[in-house]
There are 2 protein chains.
Amino acid sequence: MNPFHAAKSQNFTQAAKELFITQPAVSAQIKGLEEACNLVFFKKRGRRVYLTEEGKILFKHACKIFEYARELENIVNDLQQLKIGVLRLGTTKTYARYFMPFMISTFHEKHPDIKIQLNEGSSLEMTYSLLEFKNEVAVIAKAEDHPEVQFIPFSREEVIVIAPVNHPLAVKKSVSLQELAREPLIMKEAGSGTRKRVLELFAKAGQTPNILMETGNTEFIKQLVQRGDGVAFLVKEAVLTEVQEKKLAVLPIREKQLFLDVSVAYLKNQHLSPPAKAFIQILDQIKPGDLTLKGIGSLMAKMLVNRNKNLNVS
Amino acid sequence: MNPFHAAKSQNFTQAAKELFITQPAVSAQIKGLEEACNLVFFKKRGRRVYLTEEGKILFKHACKIFEYARELENIVNDLQQLKIGVLRLGTTKTYARYFMPFMISTFHEKHPDIKIQLNEGSSLEMTYSLLEFKNEVAVIAKAEDHPEVQFIPFSREEVIVIAPVNHPLAVKKSVSLQELAREPLIMKEAGSGTRKRVLELFAKAGQTPNILMETGNTEFIKQLVQRGDGVAFLVKEAVLTEVQEKKLAVLPIREKQLFLDVSVAYLKNQHLSPPAKAFIQILDQIKPGDLTLKGIGSLMAKMLVNRNKNLNVS
DNA sequence: TGTTTTATATAAGATCAATTTATGATAACC
DNA sequence: GGTTATCATAAATTGATCTTATATAAAACA
């Protein structure tokens with residue numbers, strides 16, 4: 001099995017065969033070791049060799065090294081075969097809440113041994129987290145372009161304007177940006193992809209939005225709007241339930257629909273770990289429609305079952 | 001400290017310095033490893049290198065190997081410095097009882113970490129135990145010469161004849177072998193050094209001893225003689241107490257005193273382990289007189305204190 | 001007892017792996 | 001924008017390891 005083990009079979013020639021080398025090579029190796037240690041590990045008697053006491057002691061301990069070497073090989077195999085590994089994934093709170101569960105569950109189903117570390121922040125923060133090697137992949141909007149970051153869009157999400165149910169504009173057939181600019185706006189924080197698109201929209205229309213408040217917390221925004229503190233632009237998916245339950249009204253914008261591209265982002269010209277590669281590959285296979293709440297319905301049960309195995313979402 | 005550790009310092013050049021090799025050597029090593037594993041362990045960004053997730057995992061496990069390698073070095077050092085090791089020592093029951101305690105105690109005092117395995121048997125059996133590698137050193141009488149065994153005499157013990165205190169010959173001024181040959185003799189077993197000398201003695205005198213019984217057990221012989229079952233030849237040292245206490249009588253042999261050489265025996269042309277070498281060296285330093293019961297008196301206390309540390313006498 | 005077989009040691013030459021030297025590319029620093 | 005620091009690469013060198021061939025010695029056998 002290993003040099004020592006073979007030699008221990010009280011036969012250098014046999015050891016040589018097992019190691020696919022010649023007998024003099026074994027003799028030389030052992031001689032070298034003995035000289036290096038200034039100790040004798042084998043004694044010869046007749047045509048047999050025996051381990052000395054020192055040899056036995058050294059052998060016993062040396063075995064552990066070979067054990068670990070074998071273990072290391074297993075680890076390398078496991079790394080190749082996605083049996084061990086970590087996927088460090090960045091995303092936004094909103095995506096984590098509305099799109100990620102399905103993606104992660106699908107990934108986890110296919111690679112149940114890979115640990116998943118999910119980090120949240122604004123799209124921009126997550127873009128930088130890639131550059132800082134904090135995350136390897138991010139599911140975010142392109143809040144800012146960066147020459148070293150590759151964005152692969154995989155889903156186009158509609159951004160809508162929400163208002164309190166009793167809002168005067170809610171009854172109108174269409175609302176202009178000019179009208180919206182007068183309303184107090186609960187805006188997503190700096191670095192948000194949605195915010196970027198919204199600001200672009202106002203700028204293009206020559207309007208300046210009346211930003212009442214900024215926050216990264218989508219749930220908080222919904223609460224404020226519901227209480228009548230203002231209106232807000234949010235991804236449709238995130239307010240679906242509240243709209244259906246008539247807790248929030250959707251203001252129909254006069255201008256054409258506003259969309260937000262959700263992308264997988266990762267560093268250009270940088271090696272991707274096997275888990276990261278596998279994750280991106282899975283995203284390629286998932287049809288965008290499956291990501292929405294509609295698609296999730298039938299998969300809810302599965303997700304709940306698989307959730308807490310080695311799925312270290314932190 | 002080790003290749004990986006150094007490389008982990010996010011700097012191949014630094015690693016190379018620590019390893020006393022050049023930077024391209026480090027690069028080549030890592031490239032080789034990565035290619036062999038079909039994995040990427042380092043990623044470069046700017047002028048720094050970072051461990052990938054896979055690199056971190058492999059590194060964590062590889063450290064254990066280097067830990068063990070360091071431990072192995074310590075073991076080799078300890079073997080050289082007699083910090084660990086086993087002394088496999090053969091001797092006879094009688095010597096174990098009367099001479100060995102002092103020798104072992106002296107050895108143990110000088111090399112407290114060496115374990116001692118004491119095996120007992122007749123002198124001849126112990127001679128063969130050397131040839132079978134069961135023991136490395138033996139403290140025995142030369143019961144039989146052997147071309148491969150080196151005997152180094154270090155003590156000359158007097159052999160005396162003991163008889164029951166009321167034995168008719170006990171009152172005589174001197175007893176001839178002829179007279180002794182008529183007495184029932186409790187003889188030491190085959191392979192005994194004493195037996196060999198006694199038989200030689202009778203043979204030289206043209207007499208045939210009247211052997212009543214053979215046994216290897218010296219204490220048993222003393223019991224039998226005390227009970228009046230016969231006379232026996234034994235090493236003086238072994239019957240000192242009983243003679244002083246007048247439980248046994250000593251028959252004065254007419255012929256010149258009979259002596260038995262106690263030797264250290266070990267294999268010629270065979271490497272001796274450091275513990276065995278150290279033991280023989282200590283025997284060289286001990287004056288024969290110290291070995292007897294007389295010499296032991298003052299050392300009794302010390303022996304008793306030191307006895308049960310890692311002194312595995314089996 | 002001598003001959004054959006089996007096993008290790010040794011020496012010289014060949015092979016292969018690892019290292020160095022020299023140089024190029026690239027990003028950070030001033 | 002030039003300089004510095006760092007890693008990559010290629011070719012040459014070195015050194016270690018292996019092989020081939022042979023010697024030696026003990027066990028097996030006849």
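Helices here are DSSP runs of H or I with at least four residues, numbered from the N terminus, and a residue is near a strand if one of its heavy atoms lies within 4 Å of that strand. This is a predicted model, in which local features need pLDDT of at least 70 and side-chain atom pairs count only at pLDDT 80 or more, while totals for chains, interfaces and linings use all residues. Residues are numbered from 1 along each chain as its sequence is written, chains are lettered from A and ligands numbered from 1 in the order in which they are written, and side-chain values use heavy atoms, with hydrogens and water left out.

Let's start with DNA strand D. Helix 3 (23–37) of chain A, helix 2 (12–19) of chain B and helix 3 (23–37) of chain B each give at least two residues to the surface near this strand. Helix 3 of chain B has the largest share, with 4 residues. Altogether 17 residues lie around DNA strand D, and A:Thr22, B:Phe12, B:Thr13, B:Ser27 and B:Arg47 come nearest. Sorted by class, this surface holds 6 nonpolar residues (Ala, Val, Leu, Ile, Met, Phe, Trp, Tyr, Cys and Pro), 4 charged ones (Asp, Glu, Lys and Arg) and 7 polar ones (the others, Gly among them).

What part of DNA strand D do the atoms within 4 Å of the protein belong to? Sugar or phosphate accounts for 67% of them, and bases for the rest. The polar contacts (pairs of N or O atoms within 3.5 Å) include both kinds of partner. On the phosphate side, a polar backbone atom of B:Phe12 is 2.6 Å from a phosphate oxygen. On the base side, B:Gln23 places a polar side-chain atom 3.0 Å from a base nitrogen, and B:Arg47 has one 2.8 Å from a base oxygen.

Now turn to DNA strand C. Here 18 residues surround the strand, the closest being A:Phe12, A:Thr13, A:Ser27, B:Thr22 and B:Gln29. Helix 2 (12–19) and helix 3 of chain A, along with helix 3 of chain B, each supply at least two residues of the nearby surface; the largest share, 4 residues, comes from helix 3 of chain A. By class there are 7 nonpolar, 7 polar and 4 charged residues.

Of the atoms of DNA strand C within 4 Å of the protein, 63% are in sugar or phosphate and the rest in bases. Phosphate oxygens of this strand lie 2.6 Å from a backbone N or O atom of A:Phe12, 2.6 Å from a backbone N or O atom of B:Thr22, and 2.8 Å from a side-chain N or O atom of B:Gln29.

How values were computed
Polar contact = N/O pair within 3.5 Å; in protein donor to acceptor, adjacent residues only side chain to side chain.
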